[in-house]
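The exercises below ask you to read a structure step by step, with the sequence and the coordinates side by side. Try each task before you turn to its solution.

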Amino acid sequence: MFTMLNKLQNYSEQAIQAARYIGQGFIVTLDHMNRLPITIQYPYEKLIPSERFRGRIHFEFDKCIACEVCVRVCPINLPVVDWEFKKKLKKKQLKNYSIDFGVCIFCGNCVEYCPTNCLSMTEEYELSIYDRHDLNYDQIALGRLPISVIEDSTIQTISNLNYLFEGNIKSYSNLKNITNFLD
Ligand code: SF4
Ligand code: SF4
């Protein structure tokens, strides 16, 4: 009789535990159904980069004095400054300038230290390409004005994802309250 009562007690405890686990799982599912989307539908939707976003570098050929400061401050000595010395003018003349975005780490040092401000970071982040050698931009490619996400009327722009993080925090705290209650 005593063993049977013991078994019955064990069984009911296990049943309650199982019901609790099922309840927790169900609440997690319900909570996810309530959430706002975390992803954006790229390329139909695009994020507007923040003000200080470090995207593709823009270069103004006419402003460059071929001082090579950008090369010296670059952690990987990346910019290639090709110049010749003009004896008559007694100064350097820039012939070619290039940056390989396949190697660049977008640290912004070159932009920060350039004495003539001929370098600037743009909001352009779409640099995918089939051949990585095509990422080696010469002065013509570097001089192209950036494509602005805001000006593209074919896509929907999303200004920031802050609301998603707020939503997550709210859902997370709700979920914690419910699971605490179940425990
Ligand atoms: S630091 Fe500026 S001015 Fe000097 S070589 Fe580089 S881009 Fe040209
Ligand atoms: S952004 Fe940084 S890594 Fe890229 S070229 Fe400039 S200094 Fe070099």
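Buried means under 20% relative accessible area, exposed means over 50%, and partly exposed lies in between, with a 1.4 Å probe and protein chains only. Of the 183 residues of the protein chain, 27% count as buried by this criterion. This is a predicted model, in which local features need pLDDT of at least 70 and side-chain atom pairs count only at pLDDT 80 or more, while totals for chains, interfaces and linings use all residues. Residues are numbered from 1 along each chain as its sequence is written, chains are lettered from A and ligands numbered from 1 in the order in which they are written, and side-chain values use heavy atoms, with hydrogens and water left out.

**Exercise 1. State how many helices and strands the protein chain has, and in which order they run.**

Solution. Helices (H or I, at least four residues) and strands (E, at least two) are DSSP runs, numbered from the N terminus. Counting them gives five helices and seven strands, and from the N terminus on the order is α-β-β-α-β-β-α-β-β-α-β-α.

**Exercise 2. Find the positions that UniProt gives for the feature "binding site", and locate them in space.**

Solution. Begin with the record: the unreviewed UniProt entry places this feature at C64, C67, C70 and C114; such positions are given in the numbering used here, feature names are shortened, and annotations may be inferred rather than shown by experiment. These residues are spread over 51 residues of sequence, yet they cluster in space, with a largest C-alpha distance of 10.5 Å.

Next, look at two of the cysteines, taking contact to mean heavy atoms within 4.5 Å. C64 is found in the loop between β2 (57-59) and α2 (69-73), and it counts as buried because its relative accessible area is 17%. Leaving aside neighbours within four places in sequence, C64 is in contact with F59, L94, T116 and C118. C67 is found in the loop between β2 and α2, but its relative accessible area is 25%, so C67 is partly exposed. With the neighbours within four places in sequence again set aside, C67 touches R72, K92 and P115.

**Exercise 3. Which residues are the closest to ligand 1, and which classes make up its shell?**

Solution. A residue is near a molecule if one of its heavy atoms lies within 4 Å of it. Ligand 1 is surrounded by 14 residues, of which the closest are C64, C67, E68, C70 and C114. For the classes, Ala, Val, Leu, Ile, Met, Phe, Trp, Tyr, Cys and Pro count as nonpolar, Asp, Glu, Lys and Arg as charged, and the others, Gly among them, as polar. The shell of ligand 1 then divides into twelve nonpolar, one polar and one charged residues.

**Exercise 4. Examine the backbone for unusual torsions, at E68, N117 and the bond between Y42 and P43.**

Solution. Most residues other than glycine have a negative phi, and most peptide bonds are trans. E68, in the loop between β2 and α2, has a positive phi near 70°, and at a relative accessible area of 23% E68 is partly exposed. N117, in the loop between α3 (109-113) and β5 (119-121), has a positive phi of about 55°, and counts as exposed because its relative accessibility is 52%. Finally, Y42 and P43 are joined by a cis peptide bond with omega about 5°.
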